[in-house]
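Student: I have a new model open and would like to talk it through before I set anything up. Can we go over it together?

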Amino acid sequence: MRVPLVSGEWVRYANLDNAASAPALRQVADAVAELLPYYGSVHRGAGFASLVSTEAYTRAREVVRGFVGARDDDLVLFTRNTTDALNLLASALPPGTTVLTFTGEHHANLLPWRRGDVRHLAMPATPTDALDALETELRALGGRGALVSVTGASNVTGEVWPVQEIARIAHRHGARVALDAAQLAAHRPIDIAACDVDYVAFSGHKVYAPYGAGVLAGRADWLDAARPHLAGGGAVRNVTAADVEWTTGPARHEGGTPAALGAFAVAAAAGALRGTGWERIRAHELDLLERLLTGLDAIGGVRTYELWERGHDRVGVVSFNVDGLDPALLAAALGAEHGIGVRDGAFCAHPLMDHFAARDGGSRHAVRASIGVGTCADDIDRLLDAVERIARDGPRWSYLERGGYVLPDPDPRPRPSLGGLLSGPVAGGESACRD
């Protein structure tokens, strides 16, 4: 894809914002396009389109089951995203369950648990410290029902957490484990059975299937006993004027017409990633990650963010700042002047960014560059060259802050029409913070 710059040039887009939303793989887009003519209601329609859609939806669940290495008796539920999946699990906890999680987690793995008894463990200085803190807290619980919910890889630093060791400690104390795999599922194979975790959640839009679906997979007993996530059609066995009998299994929490295209896209992406091969994906990513880190280290005034010392396993996510330069301005200039997509802000991980600000000084905001399967060495080199130029000379364009964003002023870049959606005036407007 080529994008316009404020200078009037057009350049190939360097997408280094994969950790937020990864673009659809060509195989995924083609698969969805093939299904679209047959798109119909699932489970109850008698027409041919409905039959095809139902078969595709059912098959998608089985493909995703294999993708996450689910056990035979695990449920695989389709949700909207990781946040939805973890909120669903939070509503399914048995009464009296204590949740243990670390304060450096993404908000999706912090906020849902606050409706009950949650204990936040401090930022660990090393992976070993994380395991020791968990052991201590679980021992203090004395065998009471508990769930340990932890990220697979940080969305701020890319650091991979010791999930198998965490599961081993948790199970020794009778606790269950939920894995937030939002930042892991596109970079490493997920195997519930091998890692011995009890639940896993991830988003389709992180694994190159941006069609509005996520996944929660794991043990059936808590999910079958919980109130339905959405009360409505499809989640029931029978309804009378005075009562309702809820079904069990995935349908219990997939009330209403499901996002069949999204589920199908997740399955298509899972197949594409497995077909590419995890060793190939990992080797490609680690080469580019080393190139990125080495290049950033060589630029004066650049500071990268790590919770632990370098050398631990990490996926291709790097957050950094340039001394004396607003990260929002840097990100805006990278996009407007160089055609490079990054993210800036606190990355929905405010406590972690506050920790870095207190530990290292500076702002709680940073710039994040994230690598995907479509990233190439030229993307990394363009970013490094652009960061160095902006750090040395400053932005070449003028910018203003509006609605929580830093934007070029003026912004002459033409937008695509998108069927007329972007070609006319818009009444009102929306704003969102960049956190």
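**Talking through the model**

Tutor: Let us begin with residues 15-383, whose end C-alpha atoms lie 10 Å apart and whose span is 38% helix and 17% strand. Please keep in mind throughout that this is a predicted model.

Student: Which annotation covers residues 15-383?

Tutor: An unreviewed UniProt entry carries the annotation "domain: Aminotransferase class V" for residues 15-383.

Student: Ok, and the chain as a whole, how many helices and strands?

Tutor: The chain has 12 helices and 19 strands. Its radius of gyration is 23 Å, close to the 22 Å that the globule rule gives for 435 residues, so the chain is as compact as a globular protein of that length. Along the principal axes, the C-alpha atoms fill a box of roughly 70 × 55 × 45 Å.

Student: Switching to helix packing, at what angle do α1 and α8 pack?

Tutor: Helix α1, residues 26-35, packs against helix α8, residues 260-276, at an angle of about 140 degrees, and their axes are 9 Å apart.

Student: Why are they called oblique to each other?

Tutor: Roughly antiparallel is reserved for angles over 145 degrees and roughly perpendicular for 65 to 115, and with an angle of about 140 degrees α1 and α8 are therefore oblique to each other. The crossing in which α1 passes α8 is right-handed.

Student: Which residues meet there?

Tutor: From α1 the contact takes in Q27, V28, A31, V32 and L35, and these meet L261, F264, A265, A268, A269 and A272 of α8. Sorted by class, this contact has 10 nonpolar residues, 1 polar residue and no charged residues.

Student: And α10 with α12, what's the geometry?

Tutor: Helix α10 (residues 327-338) and helix α12 (residues 377-393) pack at about 115 degrees, with their axes 11 Å apart, and their crossing is right-handed.

Student: What sits in that contact?

Tutor: L330, A333, L334 and H338 on the α10 side meet R382, L383, A386, V387, R389 and I390 on the α12 side. By class, the contact of α10 with α12 divides into 7 nonpolar, 1 polar and 2 charged residues.

Student: Now the backbone: where is the peptide bond with omega of about 0 degrees?

Tutor: That cis peptide bond joins D409 and P410, and P410 is placed in the segment after β19, which spans 405-408.

Student: Which residue has a positive phi although it is not a glycine?

Tutor: Y208 does, with a phi of about 75 degrees, and Y208 is found in the loop between β9 (199-203) and β10 (214-218).

Notes
Residues numbered from 1 in each chain as written. Predicted model: local features only at pLDDT ≥ 70, side-chain atom pairs only at ≥ 80, totals over all residues. Heavy atoms only, no water. UniProt positions renumbered as here; feature names shortened; annotations may be inferred. Helix = DSSP H or I, 4+ residues; strand = E, 2+ residues; numbered from the N terminus. Axes fitted to C-alpha atoms, helices over the stretch in contact; angles between N-to-C directions. Parallel < 35°, antiparallel > 145°, perpendicular 65-115°, else oblique. Left-handed = near helix turned anticlockwise from the far one by under 90°. Contact = heavy atoms within 4.5 Å. Nonpolar A, V, L, I, M, F, W, Y, C, P; charged D, E, K, R; others polar. Rg over C-alpha atoms; globule rule 2.2 N^0.38 Å.
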